[in-house]
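Walk through this fold one helix and one sheet at a time. Keep the viewer open as you read.

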Amino acid sequence: MTASPIIAPSILASDFSRLAEEVQAIEGTADWVHVDVMDNHFVPNLTIGLPVVTSLRKATSIPFDVHLMITDPQRWAPAYAEAGAYNVTFHAEACDDPVALAKTLRAAGSKAGLAIDRDTPVEPYLELLPYLDTILIMTIKAGFGGQAFMPEMLDKVRDVRRRAQINDLEIRIEVDGGIAADTIERAAEAGADAFVAGTAVYGAADPAEAIRKLRALAAARMGLA
């Protein structure tokens, strides 16, 4: 059975001075809230951290999809799970033992996700899929919002989907970067079923309607409409 598409608006594209209101504006339509945590070390940008996530968790019932673009995720990731994140994703490039960290995150109460950046091949990580709940394929270079979608990254999505089907694995394949009404169908066709959308949602006049449109486009391409 094909999983229903997940639409995860990224608050990186929202108004940081009104974070609680921005999240509440997508209550009832968004499946997840995508929270980009950047440390100005792993990526050359600095966003929000654990105190903001902990506070924001109280403002909404939408599950948090926390994407850690940080060094030393082994040290910091479990605290996000303990703070109530539904899914915590860390980068393959920043972690020496992804399986151990995935087990730690699950034990702390969250799903475990592994992110693969633009310049990182996915093949070495395909054997780890049974230990993961989510694999996040970057369709841009991690670190900044608003970049253009890179369709060549979808080959990684196809590789993951193929391996997941061969081994009958239940895993979400998430894509992040440049996802909008003109790109989500290609990502869904390649095998993605979770979609991070930043400016496509928060740059729209009606964020909730933008989410509904994106979900309908993805569902149609996934054969669910």
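**From helix H8 to the sheet**

Helix H8 holds 15 residues (207-221), so at 1.5 Å a residue it should span 21 Å; its end C-alpha atoms are 21 Å apart, which agrees. The expected span is 1.5 Å times one less than the number of residues. Helices (H or I, at least four residues) and strands (E, at least two) are DSSP runs, numbered from the N terminus.

This is a predicted model: local features need pLDDT of at least 70, side-chain atom pairs count only at pLDDT 80 or more, and totals for chains, interfaces and linings use all residues. Residues are numbered from 1 along each chain as its sequence is written, and side-chain values use heavy atoms, without hydrogens and water.

Which residues of H8 are buried (under 20% relative accessible area, 1.4 Å probe, protein chains only)? They are Pro-207, Ala-208, Ala-210, Ile-211, Leu-214, Ala-218 and Ala-219. Down the axis of H8, they fall within an arc of 160° (directions from the axis to the C-beta atoms), so they line one face of the helix. Their cover includes strands S1 (6-9) and S8 (194-197) and helices H6 (184-190) and H7 (199-202). Contact means heavy atoms within 4.5 Å. Just after H8, Gly-223 takes a positive phi of about 80°.

Now the sheet. It is open, with 8 strands in the order S1-S8-S7-S6-S5-S4-S3-S2 and parallel pairing. Strands pair if DSSP finds at least two bridges between them. The edge strands, S1 and S2 (33-38), each pair on one side only.

Strands S3 (64-69) and S4 (87-91) run parallel, joined by 4 bridges. Asp-65 stands opposite Asn-87 in S4.

Note on methods. Buried < 20%, exposed > 50% of the residue type's maximum accessible area, 1.4 Å probe, protein only.
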